Amino acid sequence: MSKYIPFRNKALQASGLMDKRTLTVIGILAAVAVAVAITSSAIGSLRISPWSVVQIFLGMGDEAEATVVLQFRLPRIIVAFLIGMLLAASGAVLQGMIRNPLASPDIMGITGGASAAAVVFITLLPTASVRYLPFAAILGAVAATAIIYVLAWKKGVSAMRLVLIGIGIEASMKAVTTLLIVRSQFYASSKALTWLTGTVYGSNWSNVWALLPWTIVLLPAAFFMGRTLNVLQLGDDTAAGAGSKVDRDRLLMLILCVGLAGAAVAVGGAIGFIALLAPHAARRLVGPSFGGLLPVSALLGGIIVAASDLIARTAFAPLDLPVGIFTSLIGAPFFLYLLYKNRNA
């Protein structure tokens with residue numbers, strides 16, 4: 001029995017094979033995502049039955065409960081899902097681009113640049129409107145990535161140089177953020193620390209509409225790069241022999257990583273370990289091929305962040321803790337496990 005389902009689109013002049021196992025995993029994860037969304041919508045200071053939540057989603061149900069779900073809980077859930085999907089896709093692309101399973105935007109300086117710029121904005125411009133904070137974070141991610149790329153260039157950009165210089169830039173960005181926080185006023189420093197931990201507290205429909213265009217454009221772009229990422233796994237020389245323009249493709253993927261991670265960090269702060277954790281979990285489920293790895297990583301990332309946020313706002317009620325605390329509690333042991341597994345690599 002064939003493991004693949006063939007497909008052909010004459011309009012797009014595209015064809016290929018879809019792995020049955022990957023489709024099954026995607027279907028299961030989509031069902032889990034819906035279950036997490038319903039559960040998160042139901043649990044809170046006002047308990048609502050899951051069936052009532054389903055009725056509200058279908059345009060029915062009690063008006064007061066609908067207001068709570070649609071105006072307060074659902075935007076936060078959607079933002080958590082979108083942030084998780086963007087971070088996970090960014091991590092998967094970055095790991096494939098440099099052929100290093102331990103790579104992620106929050107290790108290689110991309111998130112560090114966004115964090116440093118955000119802390120500069122919070123601590124040095126306390127009277128500025130918070131609506132400009134996402135722009136500062138994205139500019140910081142772009143600036144840090146540009147520095148990494150320029151310093152890594154030496155008759156082309158090698159994967160190893162990107163990793164080493166990225167780790168150095170990340171350490172420098174952390175030093176800058178720590179210095180600014182120590183020297184700032186208490187209110188600004190506490191606000192910066194909350195942002196650095198990562199939170200989706202107070203998310204509303206404006207945040208959803210801010211993230212949605214990035215998701216609609218960048219996620220399909222990442223999926224489209226799956227075949228190129230598969231070729232790069234063969235090594236630079238072999239990929240070049242197969243027709244890939246390695247330096248150009250690597251630059252495009254780096255820009256894509258910046259867009260994915262920068263958009264997520266701009267809204268949710270520096271939520272850690274999702275970009276590292278989700279691609280590894282996806283690899284265990286569907287294998288190393290990026291055609292299936294990227295969408296599965298995105299779904300897993302969304303589920304992990306949304307589920308972590310559900311725990312963050314309910315486990316210690318009435319306290320509403322930053323979601324980054326719980327993603328780190330999951331991700332840190334997993335990262336140590338990866339280091340142990342790859343100690344002889």
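Helices here are DSSP runs of H or I with at least four residues, numbered from the N terminus. With that convention in place, I can begin with Leu 94, which sits in helix H3. I should say at once that the structure under discussion is a predicted model.

Leu 94 has a relative accessible area of 0%, so it is classed as buried. Setting aside residues up to four places away in sequence, its contacts are Ala 103, Ser 104, Pro 105, Met 108, Leu 254 and Cys 257. The last of these contacts, Cys 257, lies 163 residues from Leu 94 along the chain, and the two C-alpha atoms are separated by 6.6 Å.

Let me turn to the nonpolar interior. In soluble globular proteins, nonpolar side chains tend to be buried together. In the present model, the largest nonpolar core contains 89 residues. Those with the most contacts inside this core are Phe 81, Ile 83, Val 93, Met 97, Ile 98, Leu 162 and Leu 260. Which helix gives the most to this core? Helix H3, spanning residues 63-98, does so, with 16 residues. A second core, separate from the one just described, has 7 residues, and Ile 38, Ala 42, Ile 48 and Val 69 are included in it.

Met 97 deserves a closer description. With residues up to four places away in sequence left out, Met 97 touches Leu 162, Leu 229, Leu 232, Arg 250, Met 253 and Leu 254. Leu 254 also appeared among the contacts of Leu 94.

I move next to internal space. How many cavities of 30 Å³ or more does the model have? The count comes to 1. The largest cavity holds about 40 Å³ of space. Its lining is formed by Leu 87, Pro 105, Asp 106, Thr 111, Val 265, Ile 271, Ile 274 and Ala 275. Sorted by class, that lining comprises 6 nonpolar, 1 polar and 1 charged residues.

Within the lining, I would draw attention to Thr 111. This residue belongs to helix H4, residues 110-124. Is Thr 111 buried or exposed? Its relative accessible area is 7%, and the limit for the buried class is under 20%, so Thr 111 is buried. Beyond its neighbours up to four places away in sequence, Thr 111 touches Pro 105, Asp 106, Glu 170, Val 265 and Ala 270. Pro 105, Asp 106 and Val 265 are also listed in the cavity lining.

The next residue is Phe 273, found in the loop between helix H11 (246-268) and helix H12 (274-286). Most residues other than glycine have a negative phi. Phe 273 is not a glycine, yet its phi is positive, at about 75 degrees. Its relative accessibility is 22%, so Phe 273 counts as partly exposed.

On aromatic residues, the model contains 3 aromatic pairs. One of them joins Tyr 149 and Trp 153, whose ring centres are 6.2 Å apart and whose planes stand at 40 degrees, so this pair is tilted. The two partners fall into separate burial classes: Tyr 149 is buried, at a relative accessible area of 14%, whereas Trp 153 is partly exposed, at 44%.

I now come to helix H1, residues 20-42, in which Val 36 is placed. Val 36 is buried, with a relative accessible area of 14%. Apart from residues up to four places away in sequence, its contacts are Phe 81, Ile 303, Ala 306 and Ala 307. Phe 81 has already been named among the residues with the most contacts inside the largest nonpolar core. How far apart are Val 36 and Ile 303 in sequence and in space? They are 267 residues apart in sequence and 7.2 Å apart in space, taken C-alpha to C-alpha.

Helix H1 also contains Val 32. Its relative accessibility is 34%, so Val 32 counts as partly exposed. The C-alpha atoms of Val 32 and Lys 245 are separated by 39 Å, with their positions 213 residues apart along the chain.

Finally, Ile 311 is located in helix H13, residues 290-314. Ile 311 is partly exposed, at 41% relative accessibility. Between the C-alpha atoms of Ile 311 and Val 182 the separation is 30 Å, and these residues are 129 apart along the chain.

Definitions and conventions. Residues are numbered from 1 along each chain as its sequence is written. This is a predicted model: local features need pLDDT of at least 70, side-chain atom pairs count only at pLDDT 80 or more; totals for chains, interfaces and linings use all residues. Side-chain values use heavy atoms; hydrogens and water are left out. On a 1 Å grid over the protein atoms alone, a cavity is a set of points where a 1.4 Å probe fits but cannot get out, and a pocket is an open set with protein on both sides within 12 Å along at least five of seven lines; lining residues have an atom within 4 Å of a point. Grid points are joined across faces, edges and corners, and a volume is the space filled by probe spheres set on the points. Ala, Val, Leu, Ile, Met, Phe, Trp, Tyr, Cys and Pro count as nonpolar, Asp, Glu, Lys and Arg as charged, and the others, Gly among them, as polar. A nonpolar core is a set of buried Ala, Val, Leu, Ile, Met, Phe, Trp, Tyr and Cys residues joined through side-chain atoms within 4.5 Å. Buried means under 20% relative accessible area, exposed over 50%, partly exposed in between (1.4 Å probe, protein chains only). Helices (H or I, at least four residues) and strands (E, at least two) are DSSP runs, numbered from the N terminus. Contact means heavy atoms within 4.5 Å. Rings of Phe, Tyr and Trp (its six-membered ring) pair if their centres lie within 6.5 Å; planes under 30 degrees apart count as stacked, over 60 as edge-to-face and the rest as tilted.
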